[in-house]
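Trainee: Got a minute to go through this model with me? I'd like to start with the cores and then move on to the charges and rings.

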Amino acid sequence: MSRNIRWVRLSIATILAAGFVAVFMSLGIWQVHRLHWKLDLIARVDSRVAAAPVPAPGPNAWAGLTREVDEYRHVAVTGTFLNDQEVQIYTPSMFGPGYWVLTPLKRDDGTIVMINRGVVPEEKKSPASRVAPEGVQHITGLLRLSEDHGWLFSQKDRPQDGVWYRRDIASITQTKGLENAAPYFIDQDLTDPEGFPRGGQTVVKFRNSHLSYAITWFAMALLSLVGWGVVLRQELKNRD
């Protein structure tokens, strides 16, 4: 009876160890694949940011824009600012509490592109405290897709009050009655290091913890094998 019980225990331990190893190894391998994907994404984004500006996508290309292929492309656009439709969106900044200044740019074809002209400190939030750009403007910057979803604990937008906490382009343009508006916005490049709004504030940073996750899962697989080895040794000792 004692031998049978030990054999059952060893069988159960072997099955559990095999299952744990298989699961942990699969998770580790998946994280390795994610690591290579993230490194490739970072390399592609870096190349886009450093590239010479290309014309901003027109209406025919809007439906096919994706984050993986198009976000952070260095683009150029020409048009006239609709300064009376400016929107300010709260953001922490190097100046303390600050605001992104988003202004619609109307192109010659009548389409609208929202331009994130940069950040201003609290005392520069009011358009009256700044000089509005007039006439035809030639803008270069990084293409960004609309921030349709808020982050954890972020406040909800209040379009009816003209208050937004994220750069939700669809909500902004619809509330402002701007037709033929692009589904993206452009983070304008830095043009005046001392002026406001101050462009060139885009943070191109991707969280990449896949290597540490992979090591953790592989370590768990190894621990499962070690645990099985301890059980096996104990059973062999008991049998002797």
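Mentor: We'll take the cores, one helix, the charged pairs and the aromatic rings in turn.
Mentor: This is a predicted model, so local features need pLDDT of at least 70, side-chain atom pairs count only at pLDDT 80 or more, and totals for chains, interfaces and linings use all residues. Residues are numbered from 1 along each chain as its sequence is written, and side-chain values use heavy atoms, with hydrogens and water left out.

Trainee: Fine. Which residues of the largest nonpolar core touch the most other members?
Mentor: V77, I115, Y184 and I186, out of 15 residues. A nonpolar core here is a set of buried Ala, Val, Leu, Ile, Met, Phe, Trp, Tyr and Cys residues joined through side-chain atoms within 4.5 Å. Buried means under 20% relative accessible area, exposed over 50%, and partly exposed in between, with a 1.4 Å probe and protein chains only.

Trainee: Which elements give two or more residues to this core?
Mentor: β2, β5, β6 and β7. Helices (H or I, at least four residues) and strands (E, at least two) are DSSP runs, numbered from the N terminus.

Trainee: What does I115 touch?
Mentor: Leaving out residues up to four places away in sequence, I115 touches V77, F81, V101, L102, T103, L105, I139, I186 and Q188. Contact means heavy atoms within 4.5 Å. There is also a second, separate core of 12 residues, with V87, M114, V119 and I169 among them.

Trainee: I169 is in α4, then. Which residues of that helix are buried?
Mentor: I169, S171, I172 and T173, in a helix that runs over residues 169-176. The cover over them includes β3 (87-93), β4 (96-106), β5 (112-121) and β7 (181-188). After α4 comes G177, with a positive phi near 70°.

Trainee: And T91, buried or exposed?
Mentor: Buried, at 10% relative accessible area. T91 is in strand β3. Beyond four places in sequence, T91 touches G96, P97, G98, Y99, W100 and V119.

Trainee: On to charges. How many salt bridges does the structure hold?
Mentor: Eight. The cut-off is a side-chain nitrogen of Lys or Arg within 4 Å of a carboxyl oxygen of Asp or Glu. In one of them, R73 meets D70 with the closest N and O atoms 2.7 Å apart. D70 is buried at 7%, while R73 is partly exposed at 23%.

Trainee: Where do E86 and R130 lie?
Mentor: E86 is in the loop between β2 (74-81) and β3, and R130 is in the loop between β5 and β6 (136-145), so their pair ties together parts 44 residues apart in sequence. Their salt bridge is 2.7 Å, N to O. E86 and R130 are both buried.

Trainee: What about R167?
Mentor: R167 forms a salt bridge with D187 at 3.6 Å, N to O. R167 is in the loop between β6 and α4, D187 in strand β7, 20 residues apart. Both are buried. R167 and D187 also belong to a salt-bridge network with R67, E71, R144 and E147.

Trainee: Which side chain of opposite charge is nearest to R107?
Mentor: D109, 4.2 Å away; R107 is buried yet has no salt bridge. Lys and Arg count as positive, Asp and Glu as negative, and His and the chain ends are not counted. R107 is in the loop between β4 and β5. Beyond four places in sequence, its contacts include W62, V77, V113 and Y184.

Trainee: Switching to rings. How many aromatic pairs are there?
Mentor: Four. Rings of Phe, Tyr and Trp (its six-membered ring) pair if their centres lie within 6.5 Å; planes under 30 degrees apart are stacked, over 60 edge-to-face, and the rest tilted. F24 and W217 are stacked, 5.8 Å centre to centre with 20° between the planes. F24 is in helix α1 (residues 2-50) and W217 in helix α5 (residues 210-239), 193 residues apart. F20 joins F24 and W217 in one aromatic cluster.

Trainee: Buried or exposed, F24?
Mentor: F24 is buried at 13%, whereas W217 is partly exposed at 27%.

Trainee: Does any charge meet a ring? Or rather, which ring does the charged end of R117 sit over?
Mentor: The ring of F81, 5.4 Å from its centre. The test is NZ of Lys or CZ of Arg within 6 Å of the ring centre and within 35 degrees of the ring normal.
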